[in-house]
Amino acid sequence: MLFPAAPRHLPYERGINIALRTVHLMTSGILLGGHAFDASAHRLILFLYLTILSGIGLILLELLTSCRWIYLAKGVMVMVKAALVIAAGLWWDQRVSFLLLVVLIGSIGSHMPARFRYYSFLH
C-alpha cells in the first residue's frame with residue numbers, strides 16, 4: 001500500500017502540485033528576502049507558516065503517490081533542505097546563508113536530469 005508497483009495518480013494532481021509549488025516559491029522568496037533585509041518577525045510570521053504548510057502539502061502529495069519518494073534523490077534533497085531550515089533557526093546569525101543553501105539545493109534538484117532526481121539510495 002505504501003510502495004505500490006506503479007505510482008498512484010490522484011485527480012487534479014498536476015494542478016494541486018502547481019498551486020502548492022507556486023505558493024511555496026512565493027512565500028519562501030518573501031521569507032528569504034525578509035531575513036536578508038532584517039524585516040521584523042511579525043511581518044514574516046505569516047510567510048513562514050505559509051511556506052511550511054505548502055511544503056508539507058508538496059511532501060504529502062509525493063507520499064500519496066508512493067512512499068518510495070523518501071529514498072529517491074529528490075526526497076533526500078527535501079529532507080536536507082528541511083534540516084538546513086532547522087539549522088537556520090538554531091544558528092540564527094547564519095540564517096540567510098542556510099536559507100540561500102536551501103534555494104541552491106532546490107534549484108539544482110529541480111533542474112537536474114530525471115536519472116539523478118529519481119536515483120534510489122535504497123536500490
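A salt bridge is a side-chain nitrogen of Lys or Arg within 4 Å of a carboxyl oxygen of Asp or Glu. The structure shown above, which is a predicted model, holds two salt bridges, and they make a convenient way into a description of the chain.

**The overall chain**

The secondary structure of this chain consists of five helices and zero strands, so that, read from the N terminus, the order of elements is α-α-α-α-α. Along the principal axes, the C-alpha atoms fill a box of roughly 50 × 30 × 25 Å. The chain has 123 residues, of which 28% count as buried. Its exposed area is about 8500 Å², and carbon and sulfur atoms supply 73% of that area. Among the contacts with a separation of 6 or more, 63% join residues that are 24 or more positions apart. The chain carries 10 positive and 4 negative charges, and the mean positions of these two groups are 11 Å apart.

**The two salt bridges**

The table sets out the two pairs with the distance from N to O in each.

| Salt bridge | Distance, N to O |
|---|---|
| Asp38 and Arg95 | 3.2 Å |
| Glu62 and Lys74 | 3.4 Å |

In the pair formed by Asp38 and Arg95, the partners come from distant parts of the chain, since Asp38 sits in the loop between helix H1 (13-36) and helix H2 (41-65), while Arg95 belongs to helix H4 (residues 95-111), and 57 residues separate them. Are these two partners buried or exposed? Asp38 counts as exposed because its relative accessibility is 59%, and exposed means over 50%. Arg95, by contrast, has a relative accessible area of 11% and is buried, because the cut-off for a buried residue is under 20%.

The other bridge brings together the side chains of Glu62 and Lys74. Glu62 lies in helix H2 and Lys74 in helix H3 (residues 73-90), so this pair ties together parts of the chain that are 12 residues apart in sequence. Lys74 has a relative accessibility of 16% and therefore counts as buried.

**The nonpolar core and its surroundings**

Which residues make up the largest nonpolar core? It has seven residues in all, namely Leu32, Leu84, Ala87, Ala88, Phe98, Leu99 and Val102, and helices H3 and H4 each supply at least two residues of this core. When neighbours within four places in sequence are left aside, Ala88 is in contact with Phe98 and Leu99, and also with Arg95, the residue whose side chain meets that of Asp38 in a salt bridge.

**Residues that link parts of the chain**

Ser54, which is found in helix H2, is buried, with a relative accessible area of 3%. Apart from neighbours within four places in sequence, Ser54 is in contact with Leu20, Val23, His24 and Thr27. Ile18, whose place is in helix H1, is partly exposed at a relative accessible area of 44%. Although Ile18 and Leu58 are 40 residues apart along the chain, their C-alpha atoms are separated by 9.5 Å.

Arg117 offers a further example, in helix H5 (residues 114-117). Its relative accessible area is 21%, and Arg117 is therefore described as partly exposed. From C-alpha to C-alpha, Arg117 and Met77 are 9.1 Å apart in space, while in sequence they are 40 residues apart. If residues up to four places away in sequence are not counted, Arg117 touches Leu72, Ala73, Gly109, Ser110 and Met112, together with Lys74, which is a partner of Glu62 in a salt bridge.

**Two residues with positive phi**

Most residues other than glycine have a negative phi. Where does Tyr12 lie, and what is its phi? Tyr12 lies in the segment before H1 and has a positive phi of about 65°, although it is not a glycine. With a relative accessibility of 71%, Tyr12 counts as exposed.

Asp38 also has a positive phi, near 55°, and is likewise a residue other than glycine. Asp38 thus combines several features described here: it lies in the loop between H1 and H2, it is exposed, with a relative accessible area of 59%, and its side chain meets that of Arg95 in a salt bridge.

Definitions and conventions: Residues are numbered from 1 along each chain as its sequence is written. This is a predicted model: local features need pLDDT of at least 70, side-chain atom pairs count only at pLDDT 80 or more; totals for chains, interfaces and linings use all residues. Side-chain values use heavy atoms; hydrogens and water are left out. Helices (H or I, at least four residues) and strands (E, at least two) are DSSP runs, numbered from the N terminus. Buried means under 20% relative accessible area, exposed over 50%, partly exposed in between (1.4 Å probe, protein chains only). Contact means heavy atoms within 4.5 Å. Accessible areas come from the Shrake-Rupley method with a 1.4 Å probe; for residues, only the protein chains shown count as cover. Lys and Arg count as positive and Asp and Glu as negative; His and the chain ends are not counted. The place of a charge is taken as NZ of Lys, CZ of Arg, CG of Asp or CD of Glu. A nonpolar core is a set of buried Ala, Val, Leu, Ile, Met, Phe, Trp, Tyr and Cys residues joined through side-chain atoms within 4.5 Å.
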